[in-house]
Amino acid sequence: MLSLLYSSPLTFTFFFFFFSPFVISAFAALLAPITKDHTTSQYTVSVYLKTPLQPTNLFLDLGASFTWVDCTQNYTSSSYRYVPCSTPLCDALESRACSNCFDPPGPGCANDSCAMFPENSVTHQAIIAEALVDSLALPATDGSTAGPPVLVPEFVFSCSRTSLLQGLAKGVVGVAGLGRSNFSLPAQVSAASSSPYLFALCLSGSRSESGVGFFNTSGPYYFLPGIDLSEKLVYTPLVLNPIGSTVITYLRPSDEYFIGVTSIKVNGKDVQINKTLLTIDENGFGGTKLSTSTPYTVLETSIYKAFKDAFVNESAALDLNVTEPVSPFSVCYSAAGLLTTRVGPAVPTVDLVMQNDDVFWRIFGANSMVRIASKDEDVWCLGFFDGGVNPRASIVIGGYQLEDNILQFDVGSKRLGFSSSVLAHGTECAKFNFTST
């Protein structure tokens, strides 16, 4: 069940002080602003949590199974409740433990409560903590602006301790799990309104303007100047990895998102790689994963070497010569020698080819190259890294390569919609109009 919360039309930013809920039965399209912390290269999604609703910043983890929040510091809400052990909800959470607490009762301390194992995908740490139910709210949208917030009153997540926040961006109090499980944030939002399990992300790399996430809607996704990016999507199947790679082992498939890349091209030419690495084996190794917790795309060693050589060779054919690399990058070019286009520096294109040659994710210079500028140097560096021999996933498409691309995760239909760079369509992910009218 979803409830629509009305606020003063003049004070959208502070709506949580003024609302009164009423129940709606209609389909609700929702959104959330997403910002980038440039110190950590992490993405933060802003939601509203608790009663009364309070703005809450969470690290956006695309592959996490569920949301977790630090309940040990300043967690005050009149609507939270525990999930008792041996209940249907606890069973559905696949809890492996029943928690007891000997500290004073509170949001993170209760006896006979269903336990979960929240994880930090940056530090790869995990703890045991209580499952909690409380109110969540996200703004409604018509696809072009943000409207009043909609309440999801029975949102299930895990408590955590402050120590699990180590390594995350300043100001976040937990993790928003967007993985393909029944208790991820988008899954619960969709279930609450009996909508298809579907969401979309448009990550912004801007230092001043937010990107956006859409929930419960396949479109429209309007960005200034009035461009509907839902019309730019090309689709490829989501691939199921049969083995999860979480710190705590669960006997079920991975909740992370994989796609079926079949080849890589640089300037339209095939990169010669061992293509068996592009499929997932029975042990869960191989394939191509999408990740918001990995800053840049990472390639298995042999793939990386072949790709890097192909990129350097194709660049040389364009009269681009490498210069002294700037750590941690290994291939850099002087900015003075590169032309600038609306899709970034003019460098060879990179295509991730999917199920056939007509379906490919094109990566232009804005996503393949990283600008390093100081008083001593000004270079563009290739934003791909060597992931070592025998990594869990042969290719991990990192956050930087996801920026300014609209990605629609249609989990119900098991497919990914992708646009390639929205810069090529005359807009960017920072150009969604959050102003409510």
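## A first look at the chain

Asn267 sits in the loop between strand S21 (263-266) and strand S22 (269-270). This is a predicted model, and Asn267 is a friendly place to start reading it. The phi angle of Asn267 is near 55°, a positive value in a residue other than glycine. Is Asn267 buried or exposed? Neither word fits fully: Asn267 is partly exposed, with a relative accessible area of 31%.

Asp319 also has a positive phi, of about 65°, although it is not a glycine. Asp319 belongs to the loop between helix H3 (301-317) and S25. With a relative accessible area of 67%, Asp319 counts as exposed, because the cut-off for that word is over 50%.

### The chain as a whole

Let us step back for a moment. The chain has 5 helices and 36 strands. Its C-alpha atoms fill a box of roughly 65 × 50 × 45 Å along the principal axes. For 437 residues, a compact globule would have a radius of gyration near 22 Å, and the chain agrees with this, having 22 Å. Of the 437 residues, 56% count as buried. Among the contacts with a separation of 6 or more, 67% come from residues 24 or more positions apart.

The surface and the charges can be described briefly too. The accessible surface comes to about 18,400 Å², and 54% of this belongs to carbon and sulfur atoms. The chain carries 24 positive and 36 negative charges, and the mean positions of these two sets are 2 Å apart.

### The loop between S19 and S20

Two residues of this loop are worth a visit. Ser254 is in the loop between strand S19 (234-239) and strand S20 (257-259), and Asn241 is found in the loop between S19 and S20 as well. How buried are they? Ser254 is buried, with a relative accessible area of 5%, and Asn241 counts as buried at 2% relative accessibility.

Leaving aside residues up to four places away in sequence, Ser254 touches Arg180, Leu240, Asn241, Pro242, Ile243 and Gly244. Counted in that way, Asn241 touches Pro253, Ser254, Phe258, Ile280 and Gly284. The side chains of both residues also have a polar atom 3.0 Å from a backbone nitrogen: for Ser254 the nitrogen is that of Glu256, and for Asn241 the nitrogen is that of Ile243.

### Helix H2 and its ends

Which residues of helix H2 are buried? They are Leu185, Pro186, Ala187, Gln188, Val189, Ser190 and Ala192. Helix H2 (residues 185-192) is thus mostly covered, with 7 of its 8 residues buried.

The ends of H2 have details of their own. At the N-terminal end, Ser184 acts as a cap, with a side-chain oxygen 3.3 Å from the backbone nitrogen of Ala187. Just after H2, Ser194 takes a positive phi of about 55°.

### Two cis peptide bonds

The table lists two cis peptide bonds, each leading into a proline.

| Residues joined | Omega | Place of the proline |
|---|---|---|
| Leu224 and Pro225 | about 5° | Pro225: loop between strand S17 (222-223) and strand S18 (227-228) |
| Ser327 and Pro328 | about 10° | Pro328: loop between strand S25 (322-323) and strand S26 (332-334) |

Strand S25 ties two parts of this tour together: the loop holding Asp319 lies between helix H3 and S25, and the loop holding Pro328 lies between S25 and S26.

Terms used. Residues numbered from 1 in each chain as written. Predicted model: local features only at pLDDT ≥ 70, side-chain atom pairs only at ≥ 80, totals over all residues. Heavy atoms only, no water. Helix = DSSP H or I, 4+ residues; strand = E, 2+ residues; numbered from the N terminus. Buried < 20%, exposed > 50% of the residue type's maximum accessible area, 1.4 Å probe, protein only. Polar contact = N/O pair within 3.5 Å; in protein donor to acceptor, adjacent residues only side chain to side chain. Contact = heavy atoms within 4.5 Å. Rg over C-alpha atoms; globule rule 2.2 N^0.38 Å. Areas by Shrake-Rupley, 256 points an atom, 1.4 Å probe, with all protein chains shown as cover. Lys, Arg positive; Asp, Glu negative; His and termini not counted. Charge placed at Lys NZ, Arg CZ, Asp CG, Glu CD.
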